[in-house]
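Please look over the chain shown below. This report goes through its cysteines, one helix, two unusual loop residues, some contacts and a pocket.

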Amino acid sequence: MAKTIVFVTNQFSCDRLIHAARIVAEETKTELNIIEILDSEYDLNPTAIDYLFGLSKQVNATMRLISAEDKLGLMKKTIAQRDVQCVVTGMPDSNKSVLYDLWKEFPGKSFHTVDANGELTAVASNYATA
């Protein structure tokens, strides 16, 4: 079955990404998979991890925790190795964000971003291939 993948970190605020990804998965009739990337950018927060894991069960999704310093490499590998149709992430934090590289590398995938208020936005396909 095709999948919607959402990439999160161990922060409580990532719940908005999971809720938005559930909408995408329902609209596209895909399976929702949550990939929580643990790295040195954020302090390990076991309480947030437990919260997000519980939320994943509530929204009928699977969640994997993966430790990786190379976020872009992990994201690319995950998208390439799975039957991924849609990818949901937070917003790029600067014009140097790894998300721009990701969008360009996988122009056939449907990418969505979620802002701080939980607003879901599709990434324009013409931008992703520019």
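The notes below start with the ground rules and then move through the structure by topic.

This is a predicted model, in which local features need pLDDT of at least 70 and side-chain atom pairs count only at pLDDT 80 or more, while totals for chains, interfaces and linings use all residues. Residues are numbered from 1 along each chain as its sequence is written, and side-chain values use heavy atoms, with hydrogens and water left out.

**Cysteines**

A disulfide is a pair of cysteine sulfur atoms within 2.5 Å. A search of the whole structure finds zero of them. C14 is in no disulfide, and its nearest cysteine sulfur, that of C86, is 19 Å away. Why is C86 not bonded to C14? The sulfur of C86 is 19 Å from the sulfur of C14, the closest one, and that is too far for a bond.

Burial is judged by relative accessible area: buried means under 20%, exposed over 50%, and partly exposed in between (1.4 Å probe, protein chains only). C14 is buried at 4%. C86 is buried at 1%.

**Helix α1**

Helices (H or I, at least four residues) and strands (E, at least two) are DSSP runs, numbered from the N terminus. Helix α1 covers residues 15-28. The expected span of a helix is 1.5 Å times one less than its number of residues. For the 14 residues of α1 that gives 20 Å, and the end C-alpha atoms are 20 Å apart, which agrees.

Which residues of α1 are buried? They are L17, I18, A20, A21, R22, V24 and A25. The cover over these buried residues includes β1, β2, α2, β4, β5 (110-114) and β6 (120-122).

**Two loop residues with positive phi**

Most residues other than glycine have a negative phi. K29, although not a glycine, has a positive phi of about 55 degrees. K29 comes just after α1, in the loop that leads to β2 (31-38). N60 is not a glycine either, and its phi is positive at about 60 degrees. N60 lies in the loop between α2 (46-58) and β3 (62-67). Are these side chains buried or exposed? K29 is exposed at 67% relative accessibility, and N60 is exposed at 66%.

**Selected residues and their contacts**

Four residues in strands and a helix are worth a look. Their burial is listed here.

| Residue | Element | Relative accessible area |
|---|---|---|
| K3 | β1 | 15%, buried |
| T4 | β1 | 0%, buried |
| K76 | α3 | 24%, partly exposed |
| H112 | β5 | 13%, buried |

Contact means heavy atoms within 4.5 Å. The contacts below leave out residues up to four places away in sequence.

Strand β1 spans residues 3-8 and holds T4. T4 touches A21, V24, A25, T28, T30, E31, L32, N33, C86 and V88. Among these, A21, V24 and A25 are buried residues of α1. K3 touches T30, E31, N33, R82, D83, V84, Q85 and C86. K3 and V87 are 84 residues apart along the chain, yet their C-alpha atoms are separated by 8.6 Å.

H112 touches V24, V87, V88, T89, L120, T121, A122 and V123. H112 and E41 are 71 residues apart in sequence and 22 Å apart in space, C-alpha to C-alpha.

K76 touches L102, E105 and F106. K76 and G108 are 32 residues apart in sequence, with 13 Å between their C-alpha atoms.

**The largest pocket**

Pockets are found on a 1 Å grid over the protein atoms alone: a pocket is an open set of points with protein on both sides within 12 Å along at least five of seven lines, and lining residues have an atom within 4 Å of a point. Grid points are joined across faces, edges and corners, and a volume is the space filled by probe spheres set on the points.

The largest pocket has a volume of about 580 Å³. It is lined by 23 residues, and the closest to its centre are T9, Y42, K71, M91 and D93. Which elements each supply at least two residues of this lining? They include β1, α1, α3 (71-81), β4 (84-90) and α4 (98-105).

By class, the lining has twelve nonpolar, six polar and five charged residues. Here Ala, Val, Leu, Ile, Met, Phe, Trp, Tyr, Cys and Pro count as nonpolar, Asp, Glu, Lys and Arg as charged, and the others, Gly among them, as polar.

How values were computed:
1 Å grid on protein atoms, 1.4 Å probe; cavity = no way out; pocket = protein on both sides within 12 Å on 5 of 7 lines; lining within 4 Å.
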